[in-house]
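This report is for a reader meeting the structure for the first time. It takes up a pocket, then a sheet, and then contacts made by aromatic rings.

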Amino acid sequence: MRPLDDPSVAEFRALARQVIEAAAEFLGTIEARPVFPHTSGEETARRFDAAIPEEGMGAAALHGDVLGEVAALSRVHHGGFLGYVMGTGLPVAALGELYGAVINQNVTAWRSAPAAVTIERSVVRALAEAVGCAGFAGSLTGGGSPANLMGLCMARETLAPAREDREGMTGGQGGVIYASTEVHMSIPKAAMLLGLGPRGLRRIRVDGRQRMDVAALEAAIVEDRAAGRRPLAVVATAGTVATGAIDPLEEVAEVAARHGLWLHVDGAYGVLAALAAPEKFRGLGRADSLSLDAHKWLYQPVDCGCLLYRDAAAARRAFAHTDDYARSLTEDPVEGFAFFEESLELSRRFRALPLWLSLRYYGLAAFRAAMRQNLEQAQALARRVAEESTLELLAPVELSVVCFRWRGDGEGKGPAAPGLDQRNAALLETVLRRGRVYLSNATVEGKFALRACFTNHRTRPADVEAVVAEVLAAAATGP
């Protein structure tokens, strides 16, 4: 039995070389790999769902062949990966992940991790400034879902504090959150976790551009107040997952302010595009809180989300429940800072290091250029779809999502044939099996859409052209 002790420095270097060599081999062959592995549930279980050995395997556990098998049965983020709102994992950031895991800081308070806490606060400040919200505070999170939950918890504790509620949630008045019908699934989940129940989220219809209808929003708030319900917050989406639509932030902010409601912006996908196209996000700075995901459009490895908020006191009202064993004894505002007083999390990993190293390595200008390239790639695909008589766009291209479908030979832009949803679903399966590009699907006004999302720093013009070519090739194979 090998004792549970640290390897020698020489052994660690040897193990690290094995891992780095396997990683480098993967990076060097990304473009040659199918975007999705040719495997099945049975095969992956046979290869990886084995009993953990009683006796250790030593260096063989990290052997390059073993890691190569993991890579072989994994989705590959080469230039044709356009399926989800998913960053591609910059290799420089991956090195930050490795080093952060080695030094293993608990980024919960300055006294626990002075360098790590300082770096995270610096990164959060830089992100706020970059998207036009200078002066906002915040913290890095596991993604947009916890960031949205925390933002809405702050809204609830500001307008209807649970700690002062003796009759049940919001004094039995039924607190309400308002969001569009296109809102991300994390928002209804947050409403349930906050105890607001299914009636605690009111879905507002969208316009022809898939944006929240502001008049319908105001009418819903007025109606609920008249019925004795308690409006709490409005969630505006800055980049819907399905189509990339941006709610009219300035107009939504006006409604929220007029009715005294908290404004949370779910910008997990789209807000970071403010670095490249700030004109699309006018009104963002009026938010009380907003989410964004660096593991989406800053190309970071998962997980690295962020919650920004205007008022740190609101975060402390929601999350500061410090027991004596964790209370700081210093009066110094820097040395006494604790993320756990402004966040759901107590134990927190060093999420900021990979992002900090990436930003230092490349500089903001490189990220802006990559985002502008993704925005133009989406427009280029939209133009190619418009050129093909058998294809049609199903939604405006606001950010980097393109939703389209195959219509059939000779049908032009006239009425669609019956069974078109099933045919497009079958086409998607064929495209994925072919392995050149990875698309996902969406439903747009009741229609099944093929969906390409450009948040990939490796995508090149040939990958954009391959989307149309692969769909047409799949259509040519027949049902």
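Helix α1 gives the most to the lining of the largest pocket, with eight residues. This is a predicted model. The lining has 31 residues in total, and those nearest the centre of the pocket are Ala23, Phe26, Leu27, Gly89 and Ala94. Besides α1, the elements that give two or more residues to this lining are α3 (64-72) and α4 (91-103). The space in the largest pocket is about 1000 Å³. Rolling a probe the size of a water molecule over the atoms shows where such empty space is left.

**The sheet**

An open sheet is formed by four strands in the order β8-β9-β11-β10, with antiparallel pairing. At its edges are β8 (391-393) and β10, each of which pairs on one side only. From one strand to the next, the twist averages 45°. Strands of a sheet pair through backbone hydrogen bonds, in either a parallel or an antiparallel way. Between β8 and β9 (residues 401-406), which run antiparallel, there are three bridges. Leucine 391 has tryptophan 406, in β9, as its bridge partner.

**Aromatic rings**

How many aromatic pairs does a search of the whole structure find? The search finds nine. In one pair, phenylalanine 36 and tyrosine 438, the ring centres are 5.9 Å apart and the planes stand at 35°, so the pair is tilted. That angle falls between the limits of 30 degrees, under which planes count as stacked, and 60 degrees, over which they count as edge-to-face.

Phenylalanine 36 belongs to the loop between α1 (9-28) and α2 (41-48), while tyrosine 438 belongs to the loop between α14 (420-434) and β10 (440-444); the pair therefore ties together parts that are 402 residues apart in sequence. Is each of these two residues buried or exposed? Phenylalanine 36 is partly exposed, at a relative accessible area of 35%, whereas tyrosine 438 is buried, at 7%. Both belong to one aromatic cluster, formed by Phe36, Phe81, Tyr84 and Tyr438.

**Charges over rings**

Two arginines lie over phenylalanine rings, as the table shows.

| Arginine | Ring | Distance from ring centre |
|---|---|---|
| Arginine 121 | Phenylalanine 337 | 3.7 Å |
| Arginine 348 | Phenylalanine 339 | 4.3 Å |

In the case of arginine 121, the charged end sits over the ring of phenylalanine 337. Arginine 348 lies over the face of phenylalanine 339.

Definitions and conventions:
Residues numbered from 1 in each chain as written. Predicted model: local features only at pLDDT ≥ 70, side-chain atom pairs only at ≥ 80, totals over all residues. Heavy atoms only, no water. Phe/Tyr/Trp six-rings, centres within 6.5 Å; stacked < 30°, edge-to-face > 60°. Buried < 20%, exposed > 50% of the residue type's maximum accessible area, 1.4 Å probe, protein only. Lys NZ or Arg CZ within 6 Å of the ring centre and 35° of its normal. Pairing = 2+ DSSP bridges. Axes fitted to C-alpha atoms, helices over the stretch in contact; angles between N-to-C directions. 1 Å grid on protein atoms, 1.4 Å probe; cavity = no way out; pocket = protein on both sides within 12 Å on 5 of 7 lines; lining within 4 Å. Points joined across faces, edges and corners; volume = space filled by probe spheres on them.
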